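Visitor: Before we go into any detail, could you show me the sequence and the model side by side, so that I can follow along?

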Amino acid sequence: MSRRFKISVRSNFAELWRYNIVVTCGAFDAAGEQIEVTTSESSVASIEDAAGGAADVSRDVKLTTVPCESIKAYVYLMPHKLPSAKSPEDTPAFGVRVKVKADDEQIYNVVHSVNQWSGATIELKLPKKE
């Protein structure tokens with residue numbers, strides 16, 4: 001049964017402006033063949049740009065697929081500016097909530113931990129095989 005998958009990535013971390021967020025999603029048919037690749041992003045600065053400033057803290061990155069049977073998605077949080085603290089021990093991880101709906105049914109809702117120094121790569125393969 002084909003459904004539209006809607007991915008939402010959100011965090012209220014006060015220093016979220018230090019990260020660019022990219023969501024890339026492959027949509028697959030019942031035979032497992034890829035039928036679409038979609039990308040959505042929220043970039044505050046280029047990775048090379050060391051400048052930064054307090055941008056909108058409550059960014060919400062969203063992506064919607066074509067009707068499909070399953071998805072394989074990657075969520076990337078890439079720092080473009082490192083924390084002001086000198087040590088990783090002084091910079092605890094922060095949370096980013098990833099939600100996925102298949103049509104109107106919520107099938108995934110998890111808070112992932114993000115390292116302030118290296119960012120994160122989150123892989124999603126949905127729906128999960130039983």
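Visitor: What is the relative accessible area of E123?

Guide: E123 is partly exposed, the class between buried (under 20% relative accessible area) and exposed (over 50%), with a 1.4 Å probe and protein chains only as cover. The model is predicted, so local features need pLDDT of at least 70 and side-chain atom pairs count only at pLDDT 80 or more, whereas totals for chains, interfaces and linings use all residues. Residues are numbered from 1 along each chain as its sequence is written, and side-chain values use heavy atoms, with hydrogens and water left out. For E123, the relative accessible area comes to 41%.

Visitor: Which residue forms a salt bridge with E123?

Guide: A salt bridge here is a side-chain nitrogen of Lys or Arg within 4 Å of a carboxyl oxygen of Asp or Glu, and the closest N and O atoms of the pair with E123 are 4.0 Å apart. The pair links distant parts of the chain, since E123 lies in strand β8 (residues 120–126) and its partner K72 in strand β5 (residues 70–79), 51 residues apart. With a relative accessibility of 31%, the partner counts as partly exposed. The residue that forms the salt bridge with E123 is K72.

Visitor: How many salt bridges does the structure hold?

Guide: Besides the pair just described, K62 forms a salt bridge with D60, where the closest N and O atoms are 3.9 Å apart; K62 is exposed at 56%, while D60 is partly exposed at 32%. Another joins E105 to R3, with the closest N and O atoms 3.1 Å apart. The number of salt bridges that the structure holds is four.

Visitor: Where do E105 and R3 lie, and how many residues apart are they?

Guide: E105 is partly exposed, with a relative accessible area of 46%, whereas R3 counts as buried at 15%. This pair, too, links distant parts of the chain, with E105 in strand β7 and R3 in the segment before β1. In sequence, the two are 102 residues apart.

Visitor: How many helices and strands does the chain have?

Guide: Both kinds of element are DSSP runs numbered from the N terminus, a helix being H or I over at least four residues and a strand being E over at least two. From the N terminus on, the elements run β-β-β-β-β-β-β-β. The count is zero helices and eight strands.

Visitor: Which side chains of β6 point to the buried face?

Guide: Strand β6 covers residues 94–102, and its side chains alternate between two faces. G95, R97, K99 and K101 point to the face where side chains are not buried. Those that point to the other face and are buried are F94, V96, V98, V100 and A102.

Visitor: Over how many bridges do β6 and β7 pair?

Guide: Two strands count as paired if DSSP finds at least two bridges between them, and on one side β6 pairs with strand β1 (residues 5–10) in the antiparallel sense over six bridges, with R97 as the bridge partner of R10. β6 and β7 (residues 105–114) form a hairpin with two residues between them, and D103 in the turn has a positive phi of about 55°. In this antiparallel pairing, V96 of β6 stands opposite H112 in β7. The number of bridges between β6 and β7 is nine.

Visitor: Which backbone oxygen lies 3.1 Å from a polar atom of the side chain of R18?

Guide: R18 lies in the loop between β1 and β2 (19–28), and R18 counts as buried because its relative accessibility is 1%. Among the residues that R18 touches (heavy atoms within 4.5 Å), not counting those up to four places away in sequence, are F13, M78, P79, H80 and Q116. The oxygen at 3.1 Å from the polar side-chain atom of R18 belongs to K81.

Visitor: How many disulfides does the structure hold?

Guide: A disulfide is a pair of cysteine sulfur atoms within 2.5 Å. C25 is buried at 1% relative accessible area, and C68 also counts as buried at 1%. The sulfur of C25 has its closest cysteine sulfur in C68 at 6.8 Å, which is too far for a bond. The number of disulfides is therefore zero.

Key
Polar contact = N/O pair within 3.5 Å; in protein donor to acceptor, adjacent residues only side chain to side chain.
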